[in-house]
Amino acid sequence: MPQLEQIEFFISQLFWLGVFFVILFVVLTYITLPKIRAFLNKRDEFVQSHISKQDELIKKAEELIENYELKLNEAKNQASQIIAEAKESALKESEKLIKATEDKIQQEIKNTEERISKEKNLAIAELNDQLKDSASTFLSKITSFDKGNIKI
Amino acid sequence: MAKGESPLKQFEIKPLMDLELFGYDISFTNSSLWMTITTVFIIIFFTVPFLKSRKTNSVEDLYPSRMQVAAEMGFSFINNLIVDTAGKEGRKYFPLVFSLFMFILFGNLFGMIPYSFTFTSHIIVTFGLALGVFLFVTILGFVKHGLKFFSFFVIPGLPIYMLPLLIPIEVISYLSRPISLAVRLFANMLAGHTLLKVFAGFVSALGFFGILPLVFIVALTGLEILIAFLQAYVFAILTCLYINDALHLH
């Protein structure tokens, strides 16, 4: 087995193993690994900062939603209030209008009735006069016949 | 593979460049070559995707490219591993575990390339790594706890008359950690690669029926890639556990 036979190369192998392992160790420790670590740290920081930023944005969005809902509710309440008020005022207005119209109509009816009764009285009085006139002429006609005005 | 060649020949070390330091032979061998390739590849694979100067601060900068995703996967894989086993304090030792895991993983994986060399199939290499981990963890334990670290060998809630029996067992099990760590990785690599070579020898020997061992080799190569990953993972997670032991004792 060359591993145990070539003893003359033991020192050479150990020497070069030491040389190359130390070179590798030193270069990796002081150059390579810090570079890799810095790169990974940079990325981790970036990801972390984005995660915290995202949390902030989510919080903000939730706040906005809350605000929006609050305002929406307020607006709804206001709207229903306005509607109720408008309904009430409209009802009052229409009632007033109806009452006024009814009053007017009542007035008109009264007036008309008065006029009618006046005219009726007038007509009755006229009729009475006429009757009186015709009765007197009739009477005078009858009475003048006796007096000889009538020539047969 | 030529006929009659030993399936163990693939583990042979060939010096590519003869070097000497303080009288010791430190020749640059094929093993060293593949260590170089592994090291350079890992550094390029994990550094280059993050080199682009990104001056703008826009969102597009944060989208990872494909290579960045691949590097990031390895990064978070080891990160999770160490946090899960050794807790938050263990993160300080993340670069060590990361280097160990990647070095072993890519060493194993490059070893799967035909005609390449698997340096993790050499006991001296895995033992070097395991001994390094063992020494590091032991020193870490002493630095964190001082002499209280020895209480690690005393299992709490045990009757006193059992201690003379159990403390030696605990010490032995502690000292055998680097051996088990080294042998596990070495043996897995050795066995897998030897098995592949043995069956590859059957392909040419059986003529037409060589197709059967060929199919087997294809399946075995898949299994070997899994083992390459698994052994690196085991080495890394055991290192994490040892670090956890050193940090928290019991």
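Before I turn to the structure, one definition: a residue is called buried if 20 or more other C-beta atoms lie within 10 Å of its own, exposed if 12 or fewer do, and partly exposed in between. Please keep in mind throughout that this is a predicted model.

I begin with a single residue of chain B. Tyr115(B) has 5 C-beta neighbours inside 10 Å, and therefore it counts as exposed. This tyrosine sits in the loop that links α3 to α4 (123-145) of chain B. Its backbone also deserves a remark: phi of Tyr115(B) is near 70 degrees, a positive value in a residue other than glycine.

Let me now place that loop in the chain as a whole. Chain B contains four strands and seven helices. Read from the N terminus, the order of its elements is β-β-β-β-α-α-α-α-α-α-α. The C-alpha trace of chain B spans about 70 × 60 × 45 Å along its principal axes. Of the 250 residues in this chain, 31% count as buried. Among contacts in chain B between residues at least 6 apart in sequence, 64% join residues at least 24 apart.

I come next to helix α3 of chain B, residues 94-111. How far apart are its end C-alpha atoms? They are 25 Å apart, which agrees with the 26 Å that 18 residues should span at 1.5 Å a residue. Of those 18 residues, 15 are buried, so α3(B) is largely enclosed by the rest of the structure.

The same helix takes us to the largest nonpolar core, which has 59 residues. The members that touch the most others are Ile78(B), Val97(B), Leu100(B), Phe101(B) and Ala236(B). Two or more residues each are supplied by α2 of chain A and, in chain B, by α1 (30-47), α2 (66-86), α3, α4, α6 (177-205) and α7 (211-248). Which element gives the largest share of this core? It is α3(B), with 11 residues. Taking Leu100(B) as an example, and leaving aside neighbours within four places in sequence, its contacts are Leu129(B), Phe235(B), Ala236(B) and Thr239(B).

Finally, I turn to the contact between the chains. Chain A gives 32 residues to it and chain B gives 33. On the side of chain A that touches chain B, the elements giving two or more residues are α1 (2-5) and α2 (10-146) of chain A. The largest share of that side, 26 residues, belongs to α2(A). By class, this side of chain A has 22 nonpolar, six polar and four charged residues.

Terms used:
Residues are numbered from 1 along each chain as its sequence is written. Chains are lettered from A and ligands numbered from 1 in the order in which they are written. This is a predicted model: local features need pLDDT of at least 70, side-chain atom pairs count only at pLDDT 80 or more; totals for chains, interfaces and linings use all residues. The expected span of a helix is 1.5 Å times one less than its number of residues. Two residues are in contact if their C-beta atoms, placed from the backbone, lie within 7 Å. Ala, Val, Leu, Ile, Met, Phe, Trp, Tyr, Cys and Pro count as nonpolar, Asp, Glu, Lys and Arg as charged, and the others, Gly among them, as polar. A nonpolar core is a set of buried Ala, Val, Leu, Ile, Met, Phe, Trp, Tyr and Cys residues joined through C-beta atoms within 7 Å.
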